[in-house]
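Reader: I am new to reading structures, and I would like to go through this one slowly. Could we take a few questions in turn?

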Amino acid sequence: MMEVKIEIIDTGYFYADGGAMFGAIPKTAWSRKYPSDEMNGCVLAMRSLLVQTADRCLLIDTGAGYKHLKSLSYYRFFGLKDLKEELRLRHISPDEITDVILTHLHFDHCGYCTLEEENKLQLAFPNATYWVSEKQWHAFRRPHPLEKGSFFSEDMDLVEQSGKLCLVTDPQVLCPNISLLLADGHTSGQIVPLIQGGEESILFAGDVIPLLASVSLEWISAYDVYPIASYDEKVHLLELAVQGNYRMIFCHDAYAVSSKVKKTSGGLYLPDRDSIRNSLKDE
């Protein structure tokens with residue numbers, strides 16, 4: 001299998017309510033693992049992945065972008081980075097992006113797919129194919145009232161109109177190094193990319209396991225629309241990570257970027273403490 005180059009890009013931060021992030025888990029428990037401010041706000045990262053192979057240049061998720069900041073001001077976005085500029089710092093033109101894999105279509109994962117330039121929307125990556133699961137696309141187009149506020153049509157309308165949208169119906173191999181798995185729970189049909197061929201194999205678990213603390217099976221966010229499915233999908237992904245010795249990326253953890261996972265003799269899944277990589281926020 002050919003070598004791949006993987007880089008993590010933190011596109012910025014925002015605050016989410018701790019009660020929402022940790023659901024039924026009381027603050028006396030979660031506050032020992034994840035800090036919050038006086039308003040119960042937890043700082044979350046928006047983490048994208050840049051993956052380069054011999055013939056492809058891919059992005060996994062794009063962050064929130066800039067279009068909706070006023071309407072979403074209660075999330076208190078800060079430290080935002082322009083994804084195009086981040087690519088240019090790596091000597092990559094936005095036109096060179098061949099694929100954009102979107103784990104799901106909540107605003108903090110796909111907002112930068114389109115940009116407002118010269119008073120009109122433009123594709124941020126005009127030559128890319130945009131990969132979305134079919135189940136997620138249906139949820140996006142016909143959202144349940146409980147999830148509707150997480151979707152913005154402006155993020156994806158132009159992608160669809162351009163003919164560059166590709167819907168994924170089943171788990172598939174995108175290219176020799178990258179497989180697209182599917183997971184429900186947080187939302188319908190989230191894509192979970194598995195990247196192999198680099199120094200380590202990477203599992204980008206997205207919002208199924210968004211934080212290091214979320215490795216605990218019962219720690220399920222109130223944002224998850226199907227919490228029982230979330231539990232089952234977490235078991236599946238964690239078992240996959242253990243068996244494959246995969247490094248799991250935590251897309252929203254502002255303090256821990258990634259770790260491997262181990263399974264105890266009692267059947268519990270725990271982060272491998274020796275493998276945890278801290279966020280740039282802590283450096």
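Author: The questions below concern salt bridges first and paired strands afterwards, in what is a predicted model.

Reader: How many salt bridges does a search of the whole structure find?

Author: A salt bridge is counted when a side-chain nitrogen of Lys or Arg lies within 4 Å of a carboxyl oxygen of Asp or Glu. With that cut-off, a search of the whole structure gives a total of 16.

Reader: Which residue forms a salt bridge with Arg 47, and where is that residue?

Author: The closest N and O atoms of this pair are 2.7 Å apart, and the partner of Arg 47 is Asp 10. The pair links distant parts of the chain, 37 residues apart, with Arg 47 in strand 2 (residues 41-52). Both Arg 47 and Asp 10 are buried. The partner is therefore within 4 Å, as a salt bridge requires, and its place is strand 1 (residues 5-17) for Asp 10.

Reader: In the salt bridge of Asp 37 with Arg 76, which residue is buried and which is partly exposed?

Author: The closest N and O atoms of Asp 37 and Arg 76 are 3.0 Å apart, and the two residues belong to distant parts of the chain, 39 residues apart. Buried means a relative accessible area under 20%, and partly exposed covers the range from there up to 50%. Because its relative accessible area is 29%, Arg 76 is partly exposed, whereas the value of 18% makes the buried residue Asp 37.

Reader: Is Arg 277, which meets Glu 200 in a salt bridge, buried or partly exposed?

Author: The side chains of Arg 277 and Glu 200 meet at 3.0 Å, N to O, and this pair too links distant parts of the chain, with Arg 277 in strand 17 (residues 277-278). Because its relative accessibility is 43%, Arg 277 counts as partly exposed.

Reader: Why is strand 10 (residues 178-183) largely enclosed by the rest of the structure?

Author: The strand has six residues, and a residue counts as buried when its relative accessible area is under 20%. Strand 10 is largely enclosed because the number of its residues that are buried is five of the six.

Reader: Which residue in the turn between strand 10 and strand 11 has a positive phi?

Author: Strand 10 and strand 11 pair in the antiparallel sense over six bridges, and Ser 179 stands opposite Leu 194 in strand 11. The two strands form a hairpin with six residues between them, and the residue in the turn with a positive phi, of about 115°, is Gly 185.

Technical notes
Residues numbered from 1 in each chain as written. Predicted model: local features only at pLDDT ≥ 70, side-chain atom pairs only at ≥ 80, totals over all residues. Heavy atoms only, no water. Helix = DSSP H or I, 4+ residues; strand = E, 2+ residues; numbered from the N terminus. Buried < 20%, exposed > 50% of the residue type's maximum accessible area, 1.4 Å probe, protein only. Pairing = 2+ DSSP bridges.
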